Amino acid sequence: PPVIRLANIEKVYQTKTIETIALSEVNLSIARGEFVSVMGPSGCGKSTLLSLMGLLDEPSSGTIEIDGRPVTSYSDKELAGLRNHKIGFVFQSYHLINDLSVRDNVELPLLYRPGVSGAERRKRALAALDQVGLNARTNHFPAQLSGGQRQRVAIARALAGRPEIILADEPTGNLDSVMGEEIMDLLLGLNRDQGTTLVMVTHDEQQALKTQRLIRFFDGRQVA
Ligand code: ADP
Ligand code: ADP
């Protein structure tokens, strides 16, 4: 079965005064090992789509399946496991903690993982930092790094959890084209060499063309 399947998804945000239909009639499947890009204008529902895929939020109607099973059939404990172990997030704005060293930032998500010792945590963090080419920067702080390096730290943080799926929301959106290309190459390598499933929101056509499939959204709907 597909690793993620969305069937007839609608997402409505309701505030006191406004109702926004963020997604409507969304049907899509992500196969294991796929690298899919998502494009569309600002406000068309891309971030909402990723937060639903990452089980950070629930649809207003429709079904989300992970590995062929509706999310509603998983126990709370299983869902926590999916969120923490199976899925990794990378954001446009990195979401690093400035008071923590690079290594501590990468170790952070593993703190809450049962059965991972301090030594194992450190080992995995250093391996992930090595993988993104930042082994010389483990004791630096985020403010001492370039944007591209900060995004590498954020990717290492996702990798330390050894996720099967990485959901990336405009991972190169704050980077110049050279650093953006480096990050894109890193993501392509993860997909090719480790079989990591990737869903990436991007505004960059050139990047999207390097992925296996491009889904276009407009006004909360898939248009292509
Ligand atoms: P994109 O990522 O494509 O820019 P979003 O998924 O962030 O789009 O937003 C889709 C629509 O839903 C927008 O109209 C946005 O204003 C609205 N929206 C997003 N999050 C919320 C929220 N938490 N509450 C109310 N409206 C929201
Ligand atoms: P944008 O691309 O619009 O700047 P973000 O990348 O900040 O949006 O966030 C993308 C989505 O992930 C949003 O739905 C947001 O609610 C959610 N999100 C942002 N930060 C976190 C976080 N630290 N933990 C969990 N979810 C987050």
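**Helix 4, aromatic contacts and positive phi angles**

Helix 4 is followed by Gly133, a residue with a positive phi, near 75°. The model described here is predicted. Helix 4 itself covers residues 118-131, which makes 14 residues. At 1.5 Å a residue, a helix of this length should span 20 Å, and the end C-alpha atoms of helix 4 are indeed 20 Å apart, so the expected and computed spans agree.

The buried residues of this helix are Arg121, Arg124, Ala125, Ala128 and Leu129. Viewed down the helix axis, these buried residues fall within an arc of 135°, and therefore they line one face of helix 4. Their packing partners are helix 3 (102-107) and helix 5 (147-160). On the face turned away from the buried side, helix 4 carries the exposed residues Ala119 and Lys123. Helix 4 thus has a buried face, which packs against helix 3 and helix 5, and a face turned away from it with Ala119 and Lys123 exposed.

Ring contacts were examined next. One aromatic pair is present in the structure. It is formed by Phe89 and Phe91, whose rings are stacked, with a centre-to-centre distance of 5.4 Å and an angle of 5° between the planes. The pair counts as stacked because planes under 30 degrees apart are assigned to that class. The two members of the pair were also assigned by accessibility. Phe89 has a relative accessibility of 17% and counts as buried, whereas Phe91, at 26%, counts as partly exposed. The cut-off for a buried residue is under 20% relative accessible area. A further ring contact involves a charged side chain: Arg69 lies over the face of Tyr74, at 3.9 Å from the ring centre.

Positive phi values also occur in residues other than glycine. Leu55 has a phi near 60°. This residue lies in the loop between helix 1 (46-53) and strand 4 (61-66), and Leu55 is buried, with a relative accessible area of 6%. Asp219, likewise a residue other than glycine, has a positive phi near 55°. Asp219 is located in the loop between strand 9 (213-218) and strand 10 (221-222). With a relative accessible area of 59%, Asp219 is exposed. Both residues are thus found in loops, but Leu55 is buried while Asp219 is exposed.

Methods:
Residues are numbered from 1 along each chain as its sequence is written. Chains are lettered from A and ligands numbered from 1 in the order in which they are written. This is a predicted model: local features need pLDDT of at least 70, side-chain atom pairs count only at pLDDT 80 or more; totals for chains, interfaces and linings use all residues. Side-chain values use heavy atoms; hydrogens and water are left out. Rings of Phe, Tyr and Trp (its six-membered ring) pair if their centres lie within 6.5 Å; planes under 30 degrees apart count as stacked, over 60 as edge-to-face and the rest as tilted. Buried means under 20% relative accessible area, exposed over 50%, partly exposed in between (1.4 Å probe, protein chains only). A charge sits over a ring if NZ of Lys or CZ of Arg is within 6 Å of the ring centre and within 35 degrees of the ring normal. Helices (H or I, at least four residues) and strands (E, at least two) are DSSP runs, numbered from the N terminus. The expected span of a helix is 1.5 Å times one less than its number of residues. The arc is that of the directions from the helix axis to the C-beta atoms. Contact means heavy atoms within 4.5 Å.
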